[in-house]
Amino acid sequence: MFIDEVKISVKAGNGGDGCMGFRREKFIPKGGPDGGDGGNGGDVIAVCDENTSDLTAYRYNPIWTAKNGENGRGRQQHGKSGESIRMKFPIGTVFYDADTEEVVAELTKHGQEIILLHGGRGGLGNIHFKSSVNQAPQETTPGEAGEEQNFHIVIKTVADVGLVGFPNAGKSSITNLVTNAHPKVGNYPFTTLFPQVGIIEYPDDYDRVSIADIPGLIKGANENKGLGHRFLRHIERCGLLVFMIDMSGNDGRDPWDDYADLLNELKLYDKALAKKPHLVAANKMDEPASEKNLKTFKTKFKKAKVFPISCLSEEGIEALKKEILKQVKKIREQLKSDVCSEQ
């Protein structure tokens, strides 16, 4: 089972208490204070790991606690700091405060590390309170409590391209054709139940593009019908969208209505999604009614960038791949330009 949403309770370690101690040595009659500090509590660190695929580890173990720091000891010995916990999450993980649903942190690239919660500071030993008027202080401070919080954690797929379409439009078929991913293919709805990310290799251009096969949407997905919101959120971080449209009309739906409905679902869920650059892959051109339907489609949507393809005969696949790379390069350049302008 692919787990892309969980709620967990996390606590950083408490700091150790400071020690109240006094020197007791044979040739030092007035030893004075020597209590050491407590150790710091361990932090809670989120690590972005490309080898972690989902949140299964947290579904069945929802409580995580870092180690507490040790108490200080005599002879100015500081307590050992508590061990931090390093929790691995997939690329595209978003952390929300479970109570307010405000975004706390996001993991977007492999190797990224974020301290979600800080451990408490260790308390001070009585040596810190020695003064000219207080030669034998009997004062220490306790360790601070570590931070704790409940998180609502969600995965949002990060890919250059997102394949969008109704069930049985051919998203899994084209993913099998052009990438190293192998999603399930079948002649029934919802063969794909969770996003699959594959890579399109471009040897001649020394480039590669990541493409996400988003599970099929249905009308009303913006209202969370079916698994609407769970599927739609995986589209948010894709730079380019490819609408897979079944041109055959074999399922009793008109291709132009499918396209209009998909655009509307994205717009109602998040207006920014509908504004993303996109291409239309007019699939199943090997079917008898597809040519006629394609002409009608182009008449109704004159500005749409349409690429006739057939996952069965592989017609038009190379042309679509080239256009995808072209558009992705434009998006990457724009992102670089935006980053430079911000700096």
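Which residue stands opposite Met87 in β4? I put this to the predicted model and noted that Ala46 is the residue facing Met87 of β4.

I then followed the neighbouring pair, where Ile45 stands opposite Arg86, again in β4. Both entries belong with the pairing of strand β2, residues 44-48, and β4, which run parallel and are joined by five bridges.

Next I looked up how the side chains of β4 are arranged along residues 85-89, and I found that they alternate. Ile85, Met87 and Phe89 point to one face and are buried, whereas Arg86 and Lys88 point to the other face and are not buried. Read with the pairing, this places Ala46 opposite Met87, a residue of the buried set, and Ile45 opposite Arg86, a residue that is not buried.

I went on to the sheet as a whole, which is open, consists of three strands in the order β4-β2-β7, and has mixed pairing. Its edge strands are β4 and β7, the latter covering residues 113-117, and each of them pairs on one side only. For the twist I noted that neighbouring strands of this sheet are turned by 30° against each other on average, with direction ignored.

Last, I checked the cysteines. I recorded zero disulfides in the structure. I also looked up the accessibility of two cysteines, taking under 20% relative accessible area as the cut-off for buried. Cys19 counts as buried because its relative accessibility is 15%, and Cys311 counts as buried because its relative accessibility is 16%.

How values were computed: Residues numbered from 1 in each chain as written. Predicted model: local features only at pLDDT ≥ 70, side-chain atom pairs only at ≥ 80, totals over all residues. Heavy atoms only, no water. Disulfide = S-S within 2.5 Å. Buried < 20%, exposed > 50% of the residue type's maximum accessible area, 1.4 Å probe, protein only. Helix = DSSP H or I, 4+ residues; strand = E, 2+ residues; numbered from the N terminus. Pairing = 2+ DSSP bridges. Axes fitted to C-alpha atoms, helices over the stretch in contact; angles between N-to-C directions.
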